[in-house]
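Please load the structure in your viewer and follow the stops below in order. Each stop gives a selection and then what is found there.

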Amino acid sequence: MQERSERTRARLVGAAAELFDRYGYAEARLGDISRVAGVTKGALYFHFASKQELAAAVQESGCLLLDETVLALRRDGRPALQSLIDTTHALAVWATGEPVVRASFRLGRERADGQRPVLNYHLVCVAAAGRLLARAAEEGALRRGVAEDAARTLVAGMIAGIEAAAWSGAPYPELSSCLSEAWTLVLRAVAEEEAARGLRTAPPPGPTADLDPTVDLHPAVDPHPAVDPHPAVDPGPAVGPPGQGSRAVTVSTVSASAGSLSSR
């Protein structure tokens, strides 16, 4: 029963991410989200008391995906600068095809007027990059005289560029190529020559479903699909928010993405 409930919650988070990404917070309707997820409106309210709470869960999922990927890269034993490069390439993949991340960015922009959720996903990514830069400094990989703040500003600009390019419709191969070239220039400016010599600025090698831009991981969503009259989900209460029963965010793409990166 609990496993089925977790699956239902994950479907709701995934459906919400698809519609927040496509239509924005204001235009995404709870009724459409429940239909796309293939669950009843009562099941939606069993897990989420409001659209605001659902949006927060989408952003939490985006943060979890980022955190687990960075941890997987670090556990792989690669230098901090290589982990940082690979993290930005993962962001490029997600920004062009992962609704949870795209929606997290968009929600941060659209809800920046003080309404909740107020999480700024761009700043979350910049903070993760800053921690990797601090590790790179500890490893002696930064050029003498280069301030961490200056290096962090460069990387923050790269992350903003990834988001802007993806939002404008730049295809992944183009974005990946530009990112690789940008890293070549940035490393010349901030990295010790010996440290930079062993780094790869291109995406991690080895095609996988998570990193192959020719694989459509998230096909277009019909906002008004036919609904199975007997969905195999926990129905929850018939109406209204519960005030209880919420569980940790579960997104199937988290383990897959982190696992594929850590296996290289």
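In what order do the elements of the protein run from the N terminus on? Colour the chain by secondary structure and read them off: α-α-α-α-α-α-α-α-α-α-α. This is a predicted model, and the protein has 11 helices and 0 strands.

**The whole chain**

Before selecting anything smaller, colour by accessibility. Of the 264 residues in the protein, 47% are buried. Then turn to contacts between residues at least 6 apart in sequence: 81% of these join residues at least 24 apart.

**Helix 1 and helix 2**

Select residues 2–23, which form helix 1, and residues 30–37, which form helix 2. The two axes are 8 Å apart, and the helices pack at an angle of about 125 degrees. That angle makes helix 1 oblique to helix 2, because it falls outside the parallel, perpendicular and antiparallel ranges. Helix 1 passes helix 2 in a right-handed crossing.

Now show side chains at this contact. On the helix 1 side, display Arg11, Leu12, Ala15, Ala16, Leu19 and Phe20. They meet Asp32, Ile33, Ser34, Val36 and Ala37 of helix 2.

**Phenylalanine 20**

Stay on helix 1, where phenylalanine 20 is found, and centre the view on this residue. Is phenylalanine 20 buried or exposed? Its relative accessible area is 1%, under the 20% cut-off, so phenylalanine 20 is buried.

Select everything in contact with phenylalanine 20, leaving aside neighbours within four places in sequence. The selection holds Tyr25, Ala28, Ile33, Lys51, Leu54, Ala55, Val58, Ala103, Arg106 and Leu107. For one of these, alanine 55, add a distance label: its C-alpha atom and that of phenylalanine 20 are separated by 8.1 Å, while the two residues are 35 apart along the chain.

**Arginine 102**

Go next to helix 6, residues 99–110, and pick arginine 102. Arginine 102 has a relative accessible area of 19% and counts as buried, because the cut-off is under 20%.

Which residue's side chain does the side chain of arginine 102 join in a polar contact of 3.0 Å? The partner is aspartate 21. Beyond neighbours within four places in sequence, arginine 102 is in contact with Asp21, Trp94, Ala95, Thr96, Gly97, Ala166 and Trp167.

**Helix 7 and helix 8**

Select residues 121–138 for helix 7 and residues 148–167 for helix 8. Their axes come within 9 Å and cross at roughly 140 degrees. Helix 7 and helix 8 are therefore oblique to each other, and their crossing is right-handed.

To see the contact, display His122, Cys125, Val126, Ala129, Gly130, Leu133, Ala134 and Ala137 from helix 7. From helix 8, add Glu148, Ala151, Arg152, Val155, Ala156, Ile159, Ala160 and Glu163.

**The cysteines**

The last stop begins with a residue from that contact, Cys125. How many disulfides are there? The count comes to 0, with the rule being a pair of cysteine sulfur atoms within 2.5 Å. For cysteine 125, the nearest cysteine sulfur belongs to cysteine 63 and is 7.8 Å away, and cysteine 125 is in no disulfide.

Compare the surroundings of two cysteines. Cysteine 125 has 3% relative accessibility and counts as buried. Cysteine 178, at 43% relative accessibility, counts as partly exposed.

Notes:
Residues are numbered from 1 along each chain as its sequence is written. This is a predicted model: local features need pLDDT of at least 70, side-chain atom pairs count only at pLDDT 80 or more; totals for chains, interfaces and linings use all residues. Side-chain values use heavy atoms; hydrogens and water are left out. Buried means under 20% relative accessible area, exposed over 50%, partly exposed in between (1.4 Å probe, protein chains only). Helices (H or I, at least four residues) and strands (E, at least two) are DSSP runs, numbered from the N terminus. A polar contact is a pair of N or O atoms within 3.5 Å; within protein, one must be able to donate a hydrogen and the other to accept it, and residues adjacent in sequence count only if both atoms are side-chain atoms. Contact means heavy atoms within 4.5 Å. Axes are lines fitted to C-alpha atoms, for helices over the stretch in contact, and angles run from 0 to 180 degrees between N-to-C directions. Angles under 35 degrees count as roughly parallel, over 145 as roughly antiparallel, 65 to 115 as roughly perpendicular and the rest as oblique. A crossing is left-handed if the near helix is turned anticlockwise from the far one by less than a right angle, and right-handed if clockwise.
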